[in-house]
Amino acid sequence: MLATMLCWAMSNAKMKNDSIMENVVSLAKRRGFIYQGSEIYGGLAGTWDYGPLGVALKNNIKNLWWKRFVLDREDMYGFDAAILMNQEVWKSSGHVGGFSDPLVECTKCKKRFRADHLDDKTKCPDCGATLGEEKQFNMMFKTRVGATEDESATSYLRPETAQGMFVNFKNVVDSFHPKLPFGLAQIGKAFRNEIAPRDFLFRTREFEQMEIEYFVRPETWTDAFEGLRAEMHAFVGDIGLAPGDVHELEVPDGDRAHYSKRTIDFEFDYPFGRKELYGLAYRTNFDLSAHTGGSKVDISYFDEETKERFVPHVIEPSFGVDRTVLAVLTSAYTEDEMGGEKRVYLRLAKAVAPVKVAVFPLLKNKPELVAKAREIYTTLKKDIGAVLFDDNGNIGKRYRRQDEIGTPVCLTVDFDTLEDDTVTIRDRDTGEQERVAIGDLKSRLMA
Ligand code: ATP
């Protein structure tokens, strides 16, 4: 009996989680956050396009990251390297030889799977036939630069932003003479020809990363590692995820990347399971040494105080932007009842919400209300930026539309406004309304 109940509860939880994913994907499309890539041509697996609200949400996340890790610190330098790099970069870094996942192909239906994602590596999960032998599949997208066809023209779409910073270490040191420890920080696209893209934004073939390469004296790596570990948790708070939503996993010896002496995965409870959101790795001096070897350019550091020359070690916090967007959307997605009606809303933190305030005239056909609402909208837009004007449909419907995209506050101009210069502001989460003087709006809404 207990087993049956447990089974029922588990399948119920699974159904709930499956439906959360379906609902989030459908809301994201319907309301203009995220669309399937190349949709009108039947799509392109592993690609997604961000619509107006999606790009606003994503930019808010990137800006919060840039603020915490670059603007608010003295020891970080922003960077933006080219996506295409000399193929030698990827030979030295080990990606040409080893950036691969284990691939198995079904002998009958010819579908391909990532072997390490299968419970049974011998049987096709789709048709049940025998799976072929496991092979290594390199995940870099290969391309050609220029009009030549030969091997010298080969390049790759970068599979991580990190290498663009390692190969520029010397440039930054020569321009800025920074003292250790210091970091380079970059936000940009990365491409991986994933064998099985899946779970919406979680595993895609084109995605964005926010990465830091933090250079330290070898003996101080633990301090830097702990400092950045704490900052990563603080960033999780910045974007509105609860501290309990993100769990650390100490990656054991055999499972770490070849360059890493210590790695902590920051995992998030997605509706489809607990999976990696971010990574924090101690990469030793592997990369700078590898590029010194490959380029024959000395990429060491000279410490003016101690008169020592050495190759710095690196701590790398790595964040996926799209996995963050997915974590934020799935944790914000809420269904409840308000005023006796079912509603769906996104409980987004104000800092990431694509629209911060929506301004409504109570009635569309009263020019004096519309004019006053437009005046308030224009003023707020100058100060807050992400403000939206909506005069379409009844107020209840307008509230629901804003709830669904996570707008924290709606503001309504009514006939009393014309008399006493106050408006109604309504809170997304509680539905509570209060009157606020127009003169107090800016300080109130920007708090
Ligand atoms: P996984 O084991 O899930 O494939 P990974 O360990 O290979 O991930 P890293 O190489 O550490 O990932 O990349 C750093 C970050 O980039 C990840 O923590 C994740 O947020 C993001 N990321 C990596 N691969 C993808 C992908 N295919 N789609 C979306 N984001 C990704």
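This is a short dialogue about the strands, helices and cavity of a predicted model.

Trainee: How do you know that strand 10 and strand 16 pair?

Mentor: Pairing takes at least two bridges between two strands. Six bridges join strand 10 (residues 206-216) to strand 16 (residues 313-320). Therefore they count as paired. The two run antiparallel. Take Gln209: its bridge partner in strand 16 is Gly320.

Trainee: Which sheet holds them?

Mentor: An open sheet of seven strands, in the order 3-9-10-16-13-12-11. The pairing is mixed.

Trainee: What makes strand 3 and strand 11 edge strands?

Mentor: Each pairs on one side only. Strand 3 covers 76-79, and strand 11 covers 246-250. From one strand to the next, the twist averages 25°.

Trainee: How do you know that helix 7 packs on the sheet?

Mentor: Look for contact, which means heavy atoms within 4.5 Å. Helix 7 (residues 221-238) touches strand 3, strand 10, strand 11, strand 12, strand 13 and strand 16. Its direction makes about 150° with that of strand 13.

Trainee: What does helix 9 lie across?

Mentor: Helix 9 (residues 321-332) lies across strand 10, strand 12, strand 13 and strand 16. It runs at about 35° to strand 12.

Trainee: How many bridges does strand 4 form with strand 5, and is that enough to call them a pair? What is the cut-off?

Mentor: Three bridges join strand 4 to strand 5 (residues 112-114). The cut-off is at least two, so they pair. They run antiparallel. Val104 stands opposite Phe113 in strand 5. The hairpin of these strands has six residues between them, and there Lys110 takes a positive phi near 70°.

Trainee: Which strand pairs with strand 4 over four bridges?

Mentor: Strand 6 (residues 135-138), in the antiparallel sense. Pro102 has Gln136 as its bridge partner in strand 6.

Trainee: How many cavities of 30 Å³ or more does a search of the whole structure find?

Mentor: One. The largest cavity holds about 40 Å³ of space. What makes such a space a cavity is that a 1.4 Å probe fits but cannot get out.

Trainee: Which residues line the largest cavity?

Mentor: Val24, Leu27, Ala28, Phe33, Leu329, Tyr333 and Leu346. Helix 1 (residues 2-30) gives the most to this lining, with three residues.

Trainee: Why is Tyr333 in the lining not counted as polar?

Mentor: Tyr counts as nonpolar here, as do Val, Leu, Ala and Phe. So the lining has seven nonpolar, no polar and no charged residues.

Conventions: Residues numbered from 1 in each chain as written. Predicted model: local features only at pLDDT ≥ 70, side-chain atom pairs only at ≥ 80, totals over all residues. Heavy atoms only, no water. Axes fitted to C-alpha atoms, helices over the stretch in contact; angles between N-to-C directions. 1 Å grid on protein atoms, 1.4 Å probe; cavity = no way out; pocket = protein on both sides within 12 Å on 5 of 7 lines; lining within 4 Å. Points joined across faces, edges and corners; volume = space filled by probe spheres on them.
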